[in-house]
Amino acid sequence: MSGFVVHGIPGSPYVRAALLTLEEKGASYELAAMGPGSLKQEPHLSRHPFGRIPAFEHDGWMLYETRAIMRYLDTVIPEPRLQPAEPRALAKMEQLMNIADWYLMQQVSRTITFHRVVAPRFGRPSDEEVVARAIPDAQHCIAEISRLLDGNTWMAGDRLSLADLLLAPHLSMFALAPEGAEILQQHYDLAAWLARIEDRPSMQATSWDRLVERASAAA
């Protein structure tokens with residue numbers, strides 16, 4: 001199946017989560033790369049009225065919100081299935097996806113990851129105070145994700161799910177920060193999970209540098 005277009009900025013964990021879903025499904029797609037200054041302008045506001053990313057289209061039909069995009073793709077491309085059938089595993093997947101949006105993004109990615117990984121890439125200074133204040137919340141958040149992994153191969157059990165694909169972009173970037181690497185090293189099972197998912201072709205195909213190269217080649 002084709003006709004998929006993802007609009008977004010390379011390096012965004014949410015754009016990457018949508019692309020990971022497409023990669024895991026083996027689907028062909030187009031990445032319509034955007035610049036940071038274009039989110040609150042047309043034509044993007046016609047795609048996403050709140051000026052966020054990603055925005056998604058399938059044969060001209062538009063959709064936004066990452067989790068909605070991921071679930072849509074899991075429905076229209078049935079195999080491999082990325083949502084568990086067993087009710088408790090499905091609930092755990094949903095719980096972890098909520099943690100990614102409400103706690104991991106807010107307490108880790110917007111603070112430590114942004115100031116240690118994203119800002120330097122764009123030549124912007126890091127705010128040491130923001131990083132220092134965020135460490136206790138980051139430790140708490142990472143410890144809870146590790147607890148919920150509970151020694152399993154994947155977040156919702158023995159099969160890869162949408163929870164893994166939403167968490168992976170955040171944690172992959174967090175691991176690049178010195179504070180992130182140190183916190184993750186305290187949780188062996190979670191560090192092993194991250195190494196496992198980093199080895200997947202989908203993660204390698206959607207790395208920040210790879211997406212930038214792809215966008216440059218398409219320009």
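**Close-up 1. The salt bridge between Arg-121 and Asp-209 in the predicted model.** At 44% relative accessibility, Asp-209 counts as partly exposed, a class that lies between buried, under 20% relative accessible area, and exposed, over 50% (1.4 Å probe, protein chains only). Its partner Arg-121 is likewise classed as partly exposed, at 40% relative accessibility. The two residues form a salt bridge whose closest N and O atoms are 2.8 Å apart, a salt bridge being a side-chain nitrogen of Lys or Arg within 4 Å of a carboxyl oxygen of Asp or Glu. Because Arg-121 lies in helix α4 and Asp-209 in helix α10 (residues 208-218), the pair ties together parts that are 88 residues apart in sequence. Helices (H or I, at least four residues) and strands (E, at least two) are DSSP runs, numbered from the N terminus. This is a predicted model, in which local features need pLDDT of at least 70 and side-chain atom pairs count only at pLDDT 80 or more, while totals for chains, interfaces and linings use all residues. Residues are numbered from 1 along each chain as its sequence is written, and side-chain values use heavy atoms, with hydrogens and water left out.

**Close-up 2. The salt bridge between Glu-24 and Arg-200.** The side chains of Glu-24 and Arg-200 meet in a salt bridge at 2.9 Å, N to O. Glu-24 lies in helix α1 (residues 13-25), whereas Arg-200 belongs to the loop between α8 (188-198) and α9 (201-205), so the pair ties together parts that are 176 residues apart in sequence. Glu-24 counts as buried, at 14% relative accessibility, while Arg-200 is partly exposed, with a relative accessible area of 25%.

**Close-up 3. The salt-bridge network that includes Asp-101 and Arg-67.** Asp-101 forms a salt bridge with Arg-67, and the closest N and O atoms are 2.8 Å apart. Since Asp-101 lies in helix α4 (residues 87-121) and Arg-67 in helix α3 (residues 66-76), this pair ties together parts that are 34 residues apart in sequence. Both Asp-101 and Arg-67 are buried, and a network of salt bridges links them with Arg-71 and Glu-94. In total, the structure holds 11 salt bridges.

**Close-up 4. Two cis peptide bonds that precede proline residues Pro-43 and Pro-80****.** A cis peptide bond joins Glu-42 and Pro-43, with omega at about 10 degrees, and Pro-43 is found in the loop between β2 (29-33) and α2 (44-47). The peptide bond from Glu-79 to Pro-80 is also cis, with omega near -10 degrees, and Pro-80 is found in the loop between α3 and α4.

**Close-up 5. Positive phi values at Asp-59 and Glu-65****.** Asp-59, a residue other than glycine, has a positive phi near 55 degrees; Asp-59 is found in the loop between β3 (55-58) and β4 (61-64) and counts as exposed, at 63% relative accessibility. Phi of Glu-65 is near 85 degrees, again a positive value in a residue other than glycine. Glu-65 lies in the loop between β4 and α3 and, at 44% relative accessibility, counts as partly exposed.

**Close-up 6. The chain that surrounds these sites.** The chain contains 10 helices and 4 strands, and buried residues make up 52% of its 219 residues. Along its principal axes the C-alpha trace spans about 45 × 45 × 30 Å.
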